[in-house]
Amino acid sequence: MPVRQGGTKPGALRIATAWLGRAGAAVSRVAGQANAVIKPVLKRIGRPLQIVARYMPKGLYPRALVIVITPVVLLQSVIAYVFMERHWQLVTQRLSAAVSADIAMLIDVYESYPQDPDITTLSRIAAERLGMDVDIIPDSDLPAPGPRPFFSLLDNALSTELSQQVARPFWLDTVGRSSLIEIRIKLGKNVMRILTRRNSAYASNSHIFLLWMIGTSLILLTIAVLFLRNQIRPILKLADAAEAFGKGRDAEFRPRGAREVRRAGNAFIEMKRRVERSIGERTTMLNGVSHDLRTILTRFRLSLALMERTSEIEALEKDVDEMSRMLEDYLAFARGDAGEVPVETDIRGQLEELKADAERQGHQTALEVVGDPLVVVRPDAFRRLLTNLVSNAARYGDRIAIRATHDARYLIVTVDDDGPGIPPDQREEVFRPFFRLDEARNVDGGGTGLGLAIARDIARAHGGDIMLSEAPLGGLRATVRLPV
C-alpha cells in the first residue's frame with residue numbers, strides 16, 4: 001500500500017492557519033468592543049478637560065502660581081477635613097458625653113434624695129465639683145425650640161448624648177450666651193435648669209490649629225510667590241529682548257535666573273551675534289560689489305560723454321542711468337538698511353513731505369494723523385517704505401488718501417488710491433522680488449519689481465507687516481502695521 005510522504009505536514013499547517021485565523025478574529029472583536037467602550041469615555045473626559053483648559057490662565061506666571069497653590073489648597077482641605085472629622089468632632093463628642101453624664105448623675109441625685117427639697121446641697125456640689133449652676137423651676141414647661149446655629153457640631157453632639165444618657169425631654173441653647181450653655185430637663189411638673197461653661201462640652205480652642213495652619217500656609221505661599229516672580233522675571237526679560245530684536249531694536253540683556261533660563265539667554269545672545277555678524281558680512285560684501293559696479297558705470301558715463309552726440313549714444317546713456325537705478329534698488333533690497341539705528345521719529349513730518357511731493361505731481365492728496373506722531377523707527381528705512389507706497393499710489397491713481405493711527409499697541413499707516421487696483425489672488429504675489437503684473441496694474445511699471453518687496457522687508461524688519469486690500473476710493477489700499 002503506498003504511503004504518502006509528509007502527509008501530516010499540510011494537515012498541521014491547515015490546523016495552525018485556522019487557529020491563527022480564529023485567534024485574530026477574536027482579538028479583532030475584543031479590540032472593537034474595547035474601542036466602542038473607550039471612545040465614549042474619552043469623549044466624556046475630554047469635554048471637561050477642554051472646559052478647564054479654556055479657563056486656565058495663559059501666562060507662565062499665573063500657571064506657575066496655579067501649580068504651586070493648587071496642591072497646597074488641596075492638602076490644607078484634606079488636613080482640615082481629617083481634623084474636623086477625627087479630632088474636633090471626636091473631642092467634642094467626648095466632652096459632650098461627660099457633661100451629659102454629669103447631668104444624668106445630678107438628676108439621679110435629685111430624684112433619689114428628697115430630703116434636699118430646696119436642692120441647696122445639690123447646687124453646692126454641682127458648682128464646686130462640676131462647675132455647673134443648677135436650679136429647679138417649679139410647675140414649668142420647656143421653652144419652644146429655637147433656631148439651630150449654622151455650624152451645629154456642638155448641638156448635634158450634645159443633643160445625641162443627652163438623648164442617650166438622660167432619656168428625658170430637654171431644651172438646649174448654645175447660642176444665647178457666648179461662653180455658657182443652658183440646658184433644661186423636664187422632670188415631671190418641674191424643670192431642671194443647668195448652666196455650664198461652653199468649653200466643658202466643646203473643643204473651643206481647636207480652631208487655633210486651623211488658624212495656625214492657614215496663617216503658615218499664607219506665609220509660605222507669599223514667599224513662594226515672591227521667589228517665583230524672581231524666577232519668571234528673567235524669562236520675561238528674555239522675551240522682551242527677543243521681541244525688541246525682532247523689531248530691529250537693540251535691547252540690553254544679561255542672562256539671569258536659573259541655569260536653564262541662563263542657558264536660553266546665552267543661546268539667544270549667541271544667535272543675535274551670529275545674525276548681526278551675518279548681516280554685517282553681507283552688507284560689507286554688497287558695499288564692495290556696489291563700489292565696483294559704480295566704478296564700471298562711471299567709466300561708461302565718461303566714455304559716452306567723450307563720444308559724439310548721436311541717437312545711439314543717448315540711448316546708451318539712458319541704459320546706463322537705468323542700470324544705475326536698478327543697481328541701487330537691488331542693493332537696497334539686499335542690504336535692508338540693517339545698519340540704521342532706531343530712533344524716535346516724527347512721522348507727521350515725513351508724511352507731510354510725501355503729501356507735498358504728490359501734490360506737486362498733480363495728485364489730490366489727503367493726510368490725517370491720529371495719536372502721537374512720535375514713533376521709534378529707523379527713519380531712513382521708514383521714509384523709504386512710505387515713499388515706495390505713496391509713489392506706487394501716485395503712479396496709478398489720481399487721488400491719494402494717507403492716514404496714520406498711533407495707539408498703545410500699533411502704528412497703522414494706510415495709503416489709498418483710486419487706481420485700477422490689484423486682483424485679490426495676486427495681492428501676495430506682488431511682494432515677491434522682481435514680480436511684475438502684466439495686466440491693468442503693473443506694481444513697478446518701468447522699474448525693477450522691487451518696490452513692494454523692499455517696503456515689506458522694511459516693515460518686517462521693524463516687527464510688522466504690509467497687507468493689501470481694496471481701498472474706499474476704489475483702488476488699492478496698502479496697510480502698514482508696526483508694533484510700538
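## E182 and its surroundings

Beyond its neighbours within four places in sequence, E182 is in contact with W171, L172, D173, R193, I194 and L195. The model is predicted. E182 sits in strand 3, which spans residues 180-187. Its relative accessibility is 11%. The cut-off for buried is under 20%, so E182 counts as buried.

E182 also has a polar partner. Its side chain and that of R184 are joined by a polar contact of 2.8 Å.

## The four-stranded sheet

Strand 3 belongs to an open sheet of four strands, in the order 1-4-3-2. The pairing in this sheet is antiparallel. Strand 1 (132-137) and strand 2 (170-173) are the edge strands, and each pairs on one side only. On average, neighbouring strands here are turned by 15 degrees against each other, direction ignored.

Which strand does strand 3 join through eight bridges? The partner is strand 4, residues 190-197, and the two run antiparallel. One bridge in this pair sets I181 against T196 of strand 4. The sheet also carries a helix. Helix 3 (residues 120-130) packs on the sheet and touches strand 1 and strand 4. The direction of helix 3 makes about 160 degrees with that of strand 1.

## The five-stranded sheet

A second sheet to follow is open and has five strands, in the order 6-8-9-11-10. Its pairing is mixed. The edges are strand 6 and strand 10 (465-470), each pairing on one side only. The average turn between neighbouring strands of this sheet is 15 degrees, direction ignored.

Two helices pack on this sheet. Helix 8 touches strand 6, strand 8 and strand 9. Its direction makes about 170 degrees with that of strand 6. Helix 9 touches strand 8, strand 9, strand 10 and strand 11 (476-483). The direction of helix 9 makes about 25 degrees with that of strand 9.

## Strand 8 and its partners

Strand 8 has partners of both senses. With strand 6 (residues 364-371) the pairing is parallel and runs over eight bridges. One of these bridges links Q364 to R399 in strand 8. With strand 9 (residues 410-417) strand 8 runs antiparallel, and seven bridges join the two. Strands 8 and 9 form a hairpin, with three residues between them. Among their bridge pairs, I402 is matched with V415 of strand 9, and T405 with I412 of strand 9. Strands of a sheet pair through backbone hydrogen bonds, either parallel or antiparallel.

Which side chains of strand 8 are buried? Those of I400, I402, A404 and H406 point to one face and are buried. R399, A401, R403 and T405 point to the other face and are not buried. The residues alternate along strand 8, which spans 399-406. In a regular strand the side chains alternate between the two faces of the sheet.

## Helix 8 against helix 9

The two helices on the five-stranded sheet also meet each other. The axes of helix 8 (residues 347-360) and helix 9 (residues 379-396) come within 10 Å. They cross at roughly 35 degrees, and the crossing is right-handed.

Residues from both helices build the contact. Helix 8 brings I347, Q350, L351, E353 and L354. Helix 9 meets them with P379, F382, R383, L386, T387 and V390.

## Q231 in helix 5

Q231 lies in helix 5, residues 207-246. Is Q231 buried, partly exposed or exposed? Its relative accessible area is 37%. Partly exposed covers the range between under 20% and over 50%, so Q231 counts as partly exposed.

Q231 can also be placed against A258. The two residues are 27 apart along the chain, and their C-alpha atoms are separated by 7.0 Å.

## The chain as a whole

The secondary structure comes to ten helices and eleven strands. The chain has 484 residues, and buried residues make up 33% of them. The exposed area is about 30200 Å², with 59% of it supplied by carbon and sulfur atoms.

Contacts across the sequence can be counted too. Of the contacts with a separation of 6 or more, 66% are between residues 24 or more positions apart.

Technical notes. Residues are numbered from 1 along each chain as its sequence is written. This is a predicted model: local features need pLDDT of at least 70, side-chain atom pairs count only at pLDDT 80 or more; totals for chains, interfaces and linings use all residues. Side-chain values use heavy atoms; hydrogens and water are left out. Buried means under 20% relative accessible area, exposed over 50%, partly exposed in between (1.4 Å probe, protein chains only). Two strands pair if DSSP finds at least two bridges between them. Contact means heavy atoms within 4.5 Å. Accessible areas come from the Shrake-Rupley method with a 1.4 Å probe; for residues, only the protein chains shown count as cover. A polar contact is a pair of N or O atoms within 3.5 Å; within protein, one must be able to donate a hydrogen and the other to accept it, and residues adjacent in sequence count only if both atoms are side-chain atoms. Axes are lines fitted to C-alpha atoms, for helices over the stretch in contact, and angles run from 0 to 180 degrees between N-to-C directions. A crossing is left-handed if the near helix is turned anticlockwise from the far one by less than a right angle, and right-handed if clockwise.
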